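Thanks for sharing this one. Here are a few friendly notes on its charged side chains, to read with the structure open beside you.

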Amino acid sequence: MDFLNIAKQRYSVRSYKKKTVEEEKLHKILEAAHAAPTAANLQPVRLIVVQSEEGLAKIGKAANIFGAPLAIIVCADHEKAWVRPFDKKQTCDIDASILTDHMMLEATELGLGSVWICAFKPDIISREFGLPKHLEPINILAVGYGEQEAADPNRHSQPRIPVSQLVSYR
């Protein structure tokens, strides 16, 4: 499958089968995160893979993961982040997003569904998982086998602005 086909086939899955994600598929998803670029290649991101019922219940106190059998909490490591010298912007939230996107697209390639979750209570995640102060939960990626029909890959022409409005040339 080529990249644009993967990107167009990916959709947010909000209902999952009670089927465990195979270890080899999880490994590939994590390898995709590992291959993702980060500012100055500092890799200021830490991933918490949650598959146990106990761990998933902890996440459930802070977020709806829609019954996914696997969740990956993506955390920014503020002690390792690159800082832009001109305005002191830390890029770890950007780096975390790039890793999440890589994992989401790899999951799609592997026939898995996912949903990127930003609507969660970070203080509860930090407390439940005993995160040190320098690790900030940025998002949660829920992964599994989707219960619903796959979304139409041609749907992107409908709700999106045309490329001509997205891009300007100077």
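1. Let me begin with arginine 127 and glutamate 128, whose side chains meet in a salt bridge with an N to O distance of 3.7 Å. Please keep in mind that the model is predicted. The two partners sit differently with respect to the surface: arginine 127 is exposed, at 56% relative accessible area, whereas glutamate 128 is buried, at 17%. Glutamate 128 counts as buried because its 17% falls under the 20% cut-off.

2. That pair also has company. Through salt bridges that share partners, Lys61, Arg127 and Glu128 are joined into one network. It would be worth showing these three residues together in a figure panel.

3. Next, look at aspartate 87 and arginine 84. Their side chains form a salt bridge at 2.8 Å, N to O. Aspartate 87 is partly exposed, with a relative accessible area of 46%, and arginine 84 is also partly exposed, at 33%.

4. Then there is aspartate 93, which pairs with lysine 89 in a salt bridge whose closest N and O atoms are 3.6 Å apart. How accessible is lysine 89? Lysine 89 is partly exposed, with a relative accessible area of 29%; for aspartate 93 the value is 32%, again partly exposed.

5. As for the overall tally, the structure holds four salt bridges. Among them are the arginine 84 and aspartate 87 pair, the lysine 89 and aspartate 93 pair, and the arginine 127 and glutamate 128 pair. As general background, side chains of opposite charge can pair when their charged atoms come close.

Notes
Residues numbered from 1 in each chain as written. Predicted model: local features only at pLDDT ≥ 70, side-chain atom pairs only at ≥ 80, totals over all residues. Heavy atoms only, no water. Buried < 20%, exposed > 50% of the residue type's maximum accessible area, 1.4 Å probe, protein only.
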